[in-house]
Amino acid sequence: MIIGLAIFFTILSLIASYRVVIGPTITDRLIGADTIGIFMSMVMLMIALYYDIALLVDIILAYAVLLFIDMLIYAKYFEHGELYK
Amino acid sequence: MTLRILFAYFLMITGAAFAVVTVLGLLRFPDVYTRIHAGAVVLTISAVLVTIGTAVYVWEFFLSLKIMMIGMFFLFSNPMATHAIARASYKRKIVLPEQYEIDAYSDYLGRDK
Amino acid sequence: MLQKISAFIALLLSWFIFAGKITADVVIVGSAASLLVTFFFSDLLFREVNHRLPWYHYLRKLTLLLLFVPVFFYEAVSAAFKVSKHVFEKNPSFNPGIVKVKTELTDITGLSLLANLITLTPGTLTLDYDRNEQVYYIHWIDVETVKQAELKKKLIARFENWIGVIFK
């Protein structure tokens, strides 16, 4: 059941990568990348549950913070054209 | 198979169904900003439901609290990230909506339709 | 002073959650680390207040915020159902538009919380906030005429009342 959900989320993120590869504009690619990041953190949560690794939960928290900061930095870069302003 | 485990499975499967809705909306919606809607609302709820289901499944005090913290972080951070992306793509003219009838924001930025 | 004390307590509580147990060595190392972080970076976590208020005022605000989280979650779930109804239509067709909504709030935490709530409600997305005119610019997924936009603005006034009670 748990490992089935992990495989399911992996397949969904493969389908969502259509928007990253084909997507007409940059915004589509960013939204697709955000979706894939959140699905990957869910996959990591399921793996931590299945193999009973409690340490992986800390890594997921750090991964979520990094995903948020990544999205903000990309948005800022595409808005201003440069990072420091 | 107690009632608690069944409830946890129910939450996880609801989250997975919302994830399917997210991917379908990402593929099917016609406009960039409507795709952002699918990414902002449904994706957040799917992630939060899966994390709450996991916290119910584990059912230890500190570990469940830590997993709930991930869900809370997603609930508050994902709308902010999508807002930043939408505003950037409007301001830098990466994507411009052409056929909108009501558009107060382009008046604010000082552009003509 | 109140800012530093509350930052120290919040950091120590999150240290306990990360450590996973409360024993003597965890308390000693955690309070040392939290004290160090509080000494340098406490102004990043909570803002310094200008006007003096009694301490139970902040306790009331914290309790109301914790009570607000289930409301936030419920609104988001009902919004997700309304958006998923659009997905299963045969031809997803919308009439998007960007409207201007005036707000009365001035507190910056309440403003960002309201912006998050607007983004999570069905069919709306916050694009920008103007500090001089106190207006939000909101991308609406399905708005046809100006009259309908006026009617839909009442939905947002409901959330604004709730947040105005917390951050008055």
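In this predicted model, a good place to start is where two helices from separate chains meet. Helix α3 of chain A (residues 56-80) and helix α3 of chain B (residues 61-91) have axes that come within 9 Å and cross at roughly 10°. Angles under 35 degrees count as roughly parallel, so α3(A) is roughly parallel to α3(B). The residues of this contact of α3(A) with α3(B) divide into 19 nonpolar, one polar and four charged.

**Chain A against chain B**

Stepping back to the whole contact between these chains, chain A brings 34 residues and chain B brings 37 residues. On the chain A side, α1 (2-21), α2 (26-51) and α3 each supply at least two residues. Which helix gives the most to the side of chain A that touches chain B? That is α2(A), with 13 residues. Sorted by class, this side of chain A has 26 nonpolar, four polar and four charged residues.

**Chain B, with a partner on either hand**

Chain B is built from four helices and zero strands, and from the N terminus on its elements run α-α-α-α. Of the 113 residues in chain B, 49% are buried. Among the contacts in chain B with a separation of 6 or more, 59% come from residues 24 or more positions apart.

Chain B also touches chain C, in a contact that takes 39 residues from chain B and 32 residues from chain C. From chain B, α1 (3-28), α2 (32-58), α3 and α4 (104-108) each supply at least two residues of the side that touches chain C. Here α3(B) gives the most, with 13 residues. This side of chain B has 27 nonpolar, six polar and six charged residues.

How do the chain pairs rank? Of the two pairs of chains in contact, chains B and C share the most contacts. Chain A and chain C are joined by no contact, and their closest C-alpha atoms lie 8 Å apart.

**Annotated transmembrane regions**

An unreviewed UniProt entry places the feature "transmembrane region" at residues 6-27, 39-59 and 65-86 of chain B. For chain C, UniProt lists residues 58-81 under that feature name, again from an unreviewed entry. The table shows how some of these spans look in the model.

| Span | Distance between end C-alpha atoms | Helix | Strand |
|---|---|---|---|
| Residues 6-27 of chain B | 32 Å | 100% | 0% |
| Residues 39-59 of chain B | 30 Å | 95% | 0% |
| Residues 58-81 of chain C | 35 Å | 100% | 0% |

**The sheet of chain C**

Chain C holds an open sheet of three strands in the order β1-β3-β2, with antiparallel pairing. Strands β1 and β2 of chain C stand at the edges with a single partner strand each, so one side of each is left without a neighbour in the sheet. On average, neighbouring strands of this sheet are turned by 25° against each other, direction ignored. A helix from the neighbouring chain joins in: α3(B) packs on the sheet, touching β2 and β3 of chain C, and its direction makes about 70° with that of β2(C). Recall that α3(B) is also the helix that gives the most to the side of chain B that touches chain C.

Now for the individual strands. Strand β1 of chain C (residues 97-102) runs antiparallel to β3(C), and six bridges join them. Within that pairing, K100(C) has Y137(C) in β3(C) as its bridge partner. Strand β2 of chain C (residues 124-130) pairs with β3(C) in the antiparallel sense, also over six bridges. In β3(C), W140(C) stands opposite T124(C). The hairpin of β2(C) and β3(C) has four residues between the strands, and in this hairpin Q134(C) takes a positive phi near 55°.

Is strand β3(C) largely enclosed or left open? Five of the six residues of β3(C) (residues 135-140) are buried, so this strand is largely enclosed by the rest of the structure. As you look at its residues, keep in mind that in a regular strand the side chains alternate between the two faces of the sheet.

Chain C also lays a helix of its own on these strands. Helix α4 of chain C (residues 108-120) lies across β2 and β3 of chain C and runs at about 150° to β2(C).

Conventions:
Residues numbered from 1 in each chain as written. Chains lettered and ligands numbered in written order. Predicted model: local features only at pLDDT ≥ 70, side-chain atom pairs only at ≥ 80, totals over all residues. UniProt positions renumbered as here; feature names shortened; annotations may be inferred. Axes fitted to C-alpha atoms, helices over the stretch in contact; angles between N-to-C directions. Parallel < 35°, antiparallel > 145°, perpendicular 65-115°, else oblique. Nonpolar A, V, L, I, M, F, W, Y, C, P; charged D, E, K, R; others polar. Contact = placed C-beta atoms within 7 Å. Buried ≥ 20, exposed ≤ 12 C-beta atoms within 10 Å, placed from the backbone. Pairing = 2+ DSSP bridges.
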